[in-house]
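Please open the model in your viewer and keep the sequence panel beside it. The tour below goes from one selection to the next and says what is found at each stop.

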Amino acid sequence: MDHSFRGRILGVVLLGMIVLADAATLQAQYALPDVPPPPVVSPDISADIDELYRRISELEQKIAETQPAAVSPGPIQLLPPCEGEEPPPCPFSKCVGYDNGFYLRTCDLNYTLKIRGLFQFRHYADWRNTTVNDEFESGFVIERAPILFSGNFISPQLKYWYILQASRASGTEFLEEGKIIYEFDNGLQFQAGRFRDPGFLREMEISYARQLAVERSYYNSVFATGVLEGISLSKQNENYRWIAFLNDGRNSGFSSRSKDFYQDNADIALSASTDIKFCGEWAQYGDFTSWPDEERASFLRLAMFWENPEHGDTDPMNDEAGLISYATEMTYESHGFAAFASFVGRHSLVEGQDINQFGSMCQVSYQVIPNHGEPFMRYEHIWFDGFTDVGSGITPVNDSTLNILAAGFNWYFHRQGLKFTIEAMHAFDEIPFSSPNTGFLIDEPGESGQTVLRSQIQLFF
């Protein structure tokens, strides 16, 4: 046998040994460990079925043990977030809700609407000396129940404000105030419409929802210029502000007056004021109450009002009703104590009518129970100089002097939002004309000593 033949046989043997070794390795790799031999088939098939169910149950248990724990679902967002870049995107709950009023707004704050409501329910009791009418008058009244709308349109700089009110006597709805406001980048503010005179007496400028007493004073009903129609410019800085208001004359915006341009009190009128802040915050200037958490604040106002005389007006109440008024007012607040003083003068500009009237008013309050109990007192002095007013619509008075003293108590359940006020007032002299909102009724000539007890529940939401 030659060497080549022996070599071929040796190669075949080696190749066979390699194939057998690989087969053994594969069998060892894929063989199931500890696999029991197939069960012996029993003639009784029910035993086999039971064994099958047992093994299925064990397999399901092992599978369950190897599964990961269930993940609880997170909160479901029913509404998508608002979109906007300035300010940052906000959730939908930030675009509608309540913040000192119910509001709707876009997240860029270019369009906003706030709705507020006020409810003032009062009781009046009046005692006076009379021979013709009842000496005692008493009754309940819904003094005010307006709805207030405010917000901005297109831009935060362009704002609007209006109040829908119902007459306390007839219930007829009317627009009490309505104005548009634009704030320039330099802080100058422009207003146009019908609104309370912001440039003369502070008691009239402050909302009736934020008064110290049940109602504004009788002093205010004599000298205030009231709700006017016109345009104003104002600017507020760190320590002072000024206001100029071009309007149609005293009470030109009151609901009882005709509103057309030829039926106004005057062809032109102007009120202007300068407010100086010595210390504190301007926000404290918005009411007559000092809260315990408020720091010391002090303000001074210098104001004037001028009304151009008319001649030949079809309304004799307007004809030649020219006048000029001036006022100085001081406000001080500190940690629950508040004091306010006002002085006003008025001079007739009607030819041949030399009437000079004066008045003063001061009030103090202190929260003896912080944020809740607040007693207060107020004193008013008025010098009529023989007539109830100036101009052609005047009425003579029997007594030019009027002194009124008032004392009351506020209980704040939720600051101005919910409060109860009770107040007693006494006029030491004759009341020359009725002012139903104050509770004072006209006295008979020569009579004096009228007393009014009034109380109010206020809800401001």
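## The whole chain

Begin with the chain in cartoon view, where the secondary structure comes to four helices and 19 strands. Bear in mind throughout that this is a predicted model. The chain has 461 residues, and buried residues make up 39% of them. If you switch to a surface view, the accessible surface comes to about 25500 Å², and 63% of that area belongs to carbon and sulfur atoms. Contacts can also be sorted by how far apart their partners lie in sequence: among those between residues at least 6 apart, 58% join residues at least 24 apart.

## The cavity

Rolling a probe the size of a water molecule over the atoms shows where empty space is left. How many cavities of 30 Å³ or more does the structure hold? There is one such cavity, and about 60 Å³ of space lies in the largest cavity. To see its lining, select Leu212, Asp287, Phe288, Thr331, Tyr332, Glu333, Ala338, Ala339, Phe340, Gln363, Val364 and Ser365. Strand E13 (323–334), strand E14 (337–348) and strand E15 (356–366) are the elements that give two or more residues to this lining. Coloured by residue type, the lining divides into seven nonpolar, three polar and two charged residues.

## Strand E19 and serine 455

Next, select strand E19, which spans residues 451–460 and includes serine 455. Is serine 455 buried or exposed? Its relative accessibility is 17%, so serine 455 counts as buried, the cut-off being under 20%. Leaving aside neighbours within four places in sequence, serine 455 is in contact with Phe121, Arg122, His123, Val214, Phe420, Thr421 and Ile422, and showing those side chains together makes its surroundings visible.

## Tryptophan 127 in strand E3

Now move to strand E3 (residues 112–127), where tryptophan 127 has its place. Tryptophan 127 counts as partly exposed because its relative accessibility is 39%. Which residues does tryptophan 127 touch, not counting those up to four places away in sequence? They are Glu135, Phe136, Gly449, Gln450, Thr451 and Leu453. One of these contacts, Gln450, is worth a distance label: tryptophan 127 and glutamine 450 are 323 residues apart along the chain, and their C-alpha atoms are separated by 5.7 Å.

## The loop between E10 and E11

Select the loop between strand E10 (240–247) and strand E11 (269–279), and within it find asparagine 251. Most residues other than glycine have a negative phi, and most peptide bonds are trans. Asparagine 251 is not a glycine, yet it has a positive phi of about 60°. With a relative accessible area of 25%, asparagine 251 is partly exposed. The loop between E10 and E11 also holds serine 255, which is partly exposed at a relative accessible area of 47%. Add glutamate 176 to the selection: serine 255 and glutamate 176 are 79 residues apart in sequence and 6.9 Å apart in space, C-alpha to C-alpha.

## The loop between E16 and E17

Continue to the loop between strand E16 (373–383) and strand E17 (401–412), which holds aspartate 385. Here again a residue that is not a glycine has a positive phi, about 55° for aspartate 385, and aspartate 385 is partly exposed with a relative accessible area of 25%.

Threonine 388 lies in the loop between E16 and E17, and at 13% relative accessibility threonine 388 counts as buried. Beyond its neighbours within four places in sequence, threonine 388 is in contact with Arg346, Gln357, Ile394, Thr395, Val397, Pro432 and Phe433.

From that list, pick isoleucine 394, whose place is in the loop between E16 and E17. Isoleucine 394 is partly exposed, with a relative accessible area of 21%, and its contacts, neighbours within four places aside, are Gln353, Ile355, Phe387, Thr388 and Asp389. For a last distance label here, take isoleucine 394 and alanine 321, which are 73 residues apart along the chain and have C-alpha atoms separated by 9.5 Å.

## Two cysteines to finish

A disulfide is a covalent bond between the sulfur atoms of two cysteines. How many disulfides does the structure hold? The number is zero. For the final selection, show cysteine 95, which counts as buried at 5% relative accessibility, and then cysteine 362, which counts as partly exposed at 37%.

Note on methods: Residues numbered from 1 in each chain as written. Predicted model: local features only at pLDDT ≥ 70, side-chain atom pairs only at ≥ 80, totals over all residues. Heavy atoms only, no water. 1 Å grid on protein atoms, 1.4 Å probe; cavity = no way out; pocket = protein on both sides within 12 Å on 5 of 7 lines; lining within 4 Å. Points joined across faces, edges and corners; volume = space filled by probe spheres on them. Nonpolar A, V, L, I, M, F, W, Y, C, P; charged D, E, K, R; others polar. Buried < 20%, exposed > 50% of the residue type's maximum accessible area, 1.4 Å probe, protein only. Contact = heavy atoms within 4.5 Å. Disulfide = S-S within 2.5 Å. Areas by Shrake-Rupley, 256 points an atom, 1.4 Å probe, with all protein chains shown as cover.
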